[in-house]
Amino acid sequence: MNTIPLAQRVRPQTINQFVGQKHLVGPKGSLHCFLDGQSLRSMIFWGPPGSGKTALAEILAKRQSRPFVKLSAIHTSVKQIREVLAQSKNQSSIENRTVLLVDEIHRFSKSQQDSLLEGVETGIITLISATTENPGFEVINALLSRCLVYILNPLTEAELKTILEQAIQRDEVLNKRDIHLKQTDALMISAGGDARKMLSIFELLVISCDQSKPLTVTNELIQQTLQTKNFVFDKKGDAYYDRISAFIKSIRGSDPNAALYWLASMIESGQDPVFIARRLIILASEDIGLANPNALLLANATFEAVQKIGLPEAKIILSQCVIYLASSAKSNSAYIAIKNAEKLHRQNPNLSVPMHLRNAPTAFHKSLGAAKNYKYAHDYPNEFVIQDYMPEKIKNSQVYFPNSNPQEEKLRRRLEKLWNEIYRY
């Protein structure tokens, strides 16, 4: 039996062998111009494991007829990166400059990513990188701004089946076997959109069966193989992008049953419970907010408790919090308010602070008018007095609009009473 894994043996070498990601490689795909030979730009491929990031990067690089260097972020030092840059810089012709493929760029430290900046900015190299992590969090802003970002999707069951059929035809080991794909549902579900995982499971199944007999693939046979063999999956959550999305949307949609299902799915897949708790804190403000301020308190307490307790007991704490948040009244008014405020600021970025709101720590500041005519709220009945707090240009601009829930209705009535006709409460 060949010791090279099946996924590596049948890795696509040309764009015709590549399956999936039609939004990128199809006739109207974003990468079509580069596949037609147009000079590459530095880019980042972001997507789940087994979606074809590295294979697509290699195919693009090889179509350029330029020197091609592949580095893994796990085993690469800053010194090695600088050596590649120096070698490429010595090339007088742009056509001879290096296409550098960095796999798992999210594993690069800041200093390693910094070392790529000059080469990418000046065109000494063309960087093609792949990551399973959100580049907005894992790639430094200076490098991210110099790269095009393309998102790859998990492969569909139809695409996975096409890859499997191609593997049976192309692989020198499998094409010698009499293999009949009667049922593949269990295989596709286990793969979760990951071609590498699917091929690994299938190879295990082939190895486990009698080599001298025809092989009929059924769901029962796949399930038996997975249950009886010590097959280790990537438990970091191959499709956690989708799982966490479904989880958050279920809570936002006030469905505790679905939310608990996705919580269990993430825990069973090996997702870090602290990560889940952190997301619950965000959700408590973004989706519940002022409709139930206690939600944030509970979410924060959950985060601290999960850190102290750990699995398996932490899942009970998470369950309690998820049920509470999913069952709670919802409001995104705080989220909308800060978005409105940001938009207002972007449209008016350099407005001065009104003189009466400025600090006056010295006599000089006072002579300029700082703090003059400022009204101290506690000196007035009910600790309130009408005065302008916005710059003159955007005076009376409103960014917070209470939602229609009991808690915010109380806030709305108070604000309406205080501000009369100045704001639309």
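Where does R41 lie? R41 is found in the loop between helix 3 (32-35) and strand 1. The structure described here is a predicted model. R41 has a relative accessibility of 43% and therefore counts as partly exposed, since that class runs between the 20% limit for buried and the 50% limit for exposed. Along the sequence, R41 and R63 are 22 residues apart, and their C-alpha atoms are 13 Å apart in space.

## Strand 1 and its partners

The loop that holds R41 leads to strand 1, which covers residues 43-46. The side chains of this strand alternate: M43 and F45 point one way, while I44 and W46 point the other way. M43, I44, F45 and W46 are all buried.

Strand 1 pairs with strand 4 (residues 126-131) in the parallel sense, over four bridges. Within that pairing, A130 of strand 4 is the bridge partner of F45. Strand 1 also pairs with strand 5 (residues 148-151), again in the parallel sense and over four bridges. There, L148 of strand 5 stands opposite M43.

## Three helices

Helices 6, 11 and 15 can be described in like terms. The table gives their length and span.

| Helix | Residues | Number of residues | Expected span | C-alpha span, first to last |
|---|---|---|---|---|
| Helix 6 | 110-122 | 13 | 18 Å | 19 Å |
| Helix 11 | 195-208 | 14 | 20 Å | 20 Å |
| Helix 15 | 273-288 | 16 | 22 Å | 21 Å |

In helix 6, the distance between the end C-alpha atoms agrees with the span expected at 1.5 Å a residue. Helix 6 nevertheless has a kink of about 30°, centred on L116. L116 itself is buried, and other buried residues of this helix are Q112, Q113, S115, L117, G119 and V120.

Helix 11 also agrees with the expected span. At its start, a side-chain oxygen of D194 comes to within 2.9 Å of the backbone nitrogen of R196. Helix 11 is mostly covered, with ten of its 14 residues buried. Among them are the charged residues K197 and E203, as well as A195, M198, L199, I201 and F202. L204, L205 and V206 are buried too.

One of these residues, L205, can be set against a residue of another helix. The C-alpha atoms of L205 and L226 are separated by 8.4 Å, and the two residues are 21 places apart along the chain. L226 belongs to helix 12 (residues 219-228). Its relative accessibility is 22%, so L226 counts as partly exposed; the limit for a buried residue is under 20%.

Helix 15 has a span close to the expected one, and it bends by about 25° at I282. D272 caps the N-terminal end of this helix, with a side-chain oxygen 3.1 Å from the backbone nitrogen of V274. V274 is one of the buried residues of helix 15, together with P273, I276, A277, L280, L283, A284, D287 and I288. An α-helix has 3.6 residues a turn, so residues three or four places apart point the same way. After helix 15 comes G289, whose phi is positive, near 50°.

## Backbone features in loops

Which residues have a positive phi although they are not glycines? S254 is one of them, with a phi of about 60°, and E383 is another, with a phi of about 55°. S254 sits in the loop between helix 13 (240-252) and helix 14 (256-268). Its relative accessible area is 37%, so S254 is partly exposed. E383 lies in the loop between helix 19 (363-367) and helix 20 (406-419). With a relative accessibility of 48%, E383 also counts as partly exposed.

A further backbone feature is found at P312. The peptide bond from L311 to P312 is cis, and its omega is near 5°. P312 is placed in the loop between helix 16 (294-309) and helix 17 (314-327).

## Cavities

How many cavities of 30 Å³ or more does a search of the whole structure find? The search finds three. The largest of the cavities holds about 60 Å³ of space. Its lining includes I386, Q387, D388, Y389 and M390. N396, W419, I422 and Y423 also line the largest cavity.

Technical notes:
Residues are numbered from 1 along each chain as its sequence is written. This is a predicted model: local features need pLDDT of at least 70, side-chain atom pairs count only at pLDDT 80 or more; totals for chains, interfaces and linings use all residues. Side-chain values use heavy atoms; hydrogens and water are left out. Buried means under 20% relative accessible area, exposed over 50%, partly exposed in between (1.4 Å probe, protein chains only). Helices (H or I, at least four residues) and strands (E, at least two) are DSSP runs, numbered from the N terminus. Two strands pair if DSSP finds at least two bridges between them. The expected span of a helix is 1.5 Å times one less than its number of residues. The bend at a residue is the angle between axes fitted to the seven residues ending there and the seven starting there. A polar contact is a pair of N or O atoms within 3.5 Å; within protein, one must be able to donate a hydrogen and the other to accept it, and residues adjacent in sequence count only if both atoms are side-chain atoms. On a 1 Å grid over the protein atoms alone, a cavity is a set of points where a 1.4 Å probe fits but cannot get out, and a pocket is an open set with protein on both sides within 12 Å along at least five of seven lines; lining residues have an atom within 4 Å of a point. Grid points are joined across faces, edges and corners, and a volume is the space filled by probe spheres set on the points.
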